[in-house]
Each structure stands twice: as structure tokens, then as C-alpha cells.
Amino acid sequence: MTTATQGQDTGRAGARSPLRRAWRGFLRVWDSMSIYMPLLMMGALALGTYWLVRNTPIFSTSEATRETSHDIDYFMRKFTVKTFDENGQLKSEIYGIEARHFPDTDILEIDQARIRSIRPDGRVTTATANRAYSNGDGSEVQLTGNARVIRDASKDASGKETPRMEFRGEFLHAFLNDERVKSHKPVLLIRGTDQFVGDTFAYDNLDQVADLKGRVHGILVPRSAASAAGLPTLTLPAAPAPASPAKPVTP
């Protein structure tokens, strides 16, 4: 080999050695960074997600949400609505000439209403009025105008008989599931052949307690005389007439 050729080979080897050192240094740096690569990728993914959330456009709905108003959403004429329990037994029945439903209160306003509630033991309670205001399931009813609530006679498990009961008034608030009736106006209570009248009234069938206040009076008929004809009937006390306004005094 000539001296010129050896000089060329020596120059090439000297030029390659810095490249090799640089490449080896890069590999060492890459090996060191690869340890932290999962953390760097997770950080980049979190930043990308945050950026997408901040820059995603919000599309408005085509129709603005309206607040529920006290407007009639549906009405019925000459209708019957029946509800059943989980066993398929008839629980309540509502009949009326016309009804109007208000969505904000879920109240059904019924003209010439007749409502029947059937207890699991078969006892039937019937409520009628010129107008009734019932909640969604018919368990709570306010009756106005010739209001009546009638609970049929029944017998308990021991055979004890409970007489028929009837409540009459211009306003009755009936809780059919709880078997309660109350009113802030005069009410006539008929229990079997006995009759009672009070200015205000509250009755709880579960406690077997009737609370009458104001001008209370009643008629108790012995059983031996219950079959006699011409039993007297109590009438509701008339509402007091409004006082006439006082005349101004002139000096």
C-alpha cells in the first residue's frame, strides 16, 4: 500500500469517529428519555383533552325551554279513569262530565265528579260533588258544591259491623287512602241512624274519632227505634250573614 493511500484511509477513519461518538451519545440520551416516555405521552394526552374541552363549541337547542305554566294541557269529556294496584285489582275510579288538567300542579279539575276508592279489604268509599279537585292518583280530593263522601257499611275480620257513614257539606277535603275527611265549613255527619252537625269538622277512620267544633248538635237514635218511620233529619247551620258596613259619623 502506498503512502498516499494510507493517508486517505487515516483521514476517513478520523472523520467517521466524531459521527460515531455523536450517534452513540444520541442513543444514550434516547435510552434515558425512553424511561420517561409514558409520562410524557400521558401529559400530552391530558393537555390535548383539556384543549378540546375548552374549544368545543356549545350548540344551543332549537327551542327554548319553557317554564311550566298554569295552563290547561288537556281536557276530557264524559270520561272514566281507573287505576289498579300491582296485583291488577281496581284501586280507584274517577268519573266526570268534564275535566281539565293543570300540569304545574298535576291537579285534575272535574265537573260533576264521582270518585270511588276501593280498599284492599273491599271497603268502598264514594265521593261526589258539583266540582272536585283531585291529585294525580286520586288519593286526595277537594269537593265543592253539594259535596258528599259515603263509606259503605262493612265488617272486620272478627265479624264486628261498622255502620254506613256519610258526610255532607259545601266543602269536603277527603284523603281516601288515609280514610280522613275534614272541612272548615259546616258538615253533616250521618253514622248509621245517628246524625251530627258542626261548624268545622275532622274525621279519622283509623282512629275512629270525629272532631266537630262550633255549634255542634246531634240526634242519637236507639237501635230499637231505628226502624221507626219519620226519623228527623238535621240540616246544616246557615252561614252567618255579613255585617252591614258602619255609616260614617259626620261631625
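Let me start with one pairing, in which Val197 has His217 in strand E14 as its bridge partner, where strands are DSSP runs of at least two residues, labelled E and numbered from the N terminus, just as helices are H or I runs of at least four. Before I go on, a word on the basis: this is a predicted model, in which local features need pLDDT of at least 70 and side-chain atom pairs count only at pLDDT 80 or more, while totals for chains, interfaces and linings use all residues. Residues are numbered from 1 along each chain as its sequence is written, and side-chain values use heavy atoms, with hydrogens and water left out.

Back to that pairing, then. E14 covers residues 217–219, and 3 bridges join this strand to E11 in the antiparallel sense; two strands are said to pair if DSSP finds at least two bridges between them. E11 also runs antiparallel to strand E10, residues 187–191, with 5 bridges joining the two. Within that pair, Ile190 has Gln195 of E11 as its bridge partner, and Val187 stands opposite Gly198 in E11. E10 and E11 form a hairpin with 2 residues between the strands, and Gly192 in that hairpin takes a positive phi near 65°.

How many residues of E11 are buried? In this strand, which spans residues 194–198, 4 of the 5 residues are buried, so E11 is largely enclosed by the rest of the structure; buried here means under 20% relative accessible area, exposed means over 50%, and partly exposed lies in between, with a 1.4 Å probe and protein chains only. The same count holds for E10, where 4 of the 5 residues are buried, so that this strand too is largely enclosed by the rest of the structure. E10 has a further antiparallel partner in E8, with 5 bridges between the two, and there Met165 stands opposite Arg191 in E10.

A second hairpin is made by E12 and E13, with 4 residues between them, and Gln208 in its turn has a positive phi of about 55°. Strand E12 takes in residues 200–204 and strand E13 residues 209–213, and the two run antiparallel with 5 bridges joining them. One of the facing pairs is Phe201 with Leu212 in E13.

Phe201 brings me to the interior. The largest nonpolar core (a set of buried Ala, Val, Leu, Ile, Met, Phe, Trp, Tyr and Cys residues joined through side-chain atoms within 4.5 Å) has 25 residues, of which Ile110, Leu143, Val149, Phe167, Leu172 and Phe201 touch the most other members. At least two residues of this core come from each of E2 (90–102), E3 (107–118), E4 (124–134), E5, E8, E10 and E12. If we leave out residues up to four places away in sequence, Val149 touches, among others, Thr125, Ala127, Leu143, Phe167, Leu172 and Val181, where contact means heavy atoms within 4.5 Å.

Now to the charged side chains. Side chains of opposite charge can pair when their charged atoms come close. The structure holds 14 salt bridges, each defined as a side-chain nitrogen of Lys or Arg within 4 Å of a carboxyl oxygen of Asp or Glu. One of them joins Glu166 to Arg148, with the closest N and O atoms 3.5 Å apart. Glu166 lies in strand E8 (residues 165–175) and Arg148 in strand E5 (residues 140–151), so this pair ties together parts that are 18 residues apart in sequence. Is each partner buried or partly exposed? Glu166 is buried, with a relative accessible area of 3%, whereas Arg148 is partly exposed at 31%.

Another salt bridge brings together the side chains of Glu98 and Arg100, at 3.2 Å from N to O. Glu98 is partly exposed, with a relative accessible area of 21%, while Arg100 counts as buried at 12%. Both belong to a network of salt bridges that links Arg77, Glu98, Arg100, Glu109, Asp111 and Arg131.

Arg100 also leads us to Tyr74, a residue of strand E1 (residues 74–84). Beyond its neighbours within four places in sequence, Tyr74 is in contact with Ala99, Arg100, His101 and Leu108. The C-alpha atoms of Tyr74 and His101 are separated by 5.7 Å, although the two residues are 27 apart along the chain. Tyr74 itself is partly exposed, with a relative accessible area of 37%.
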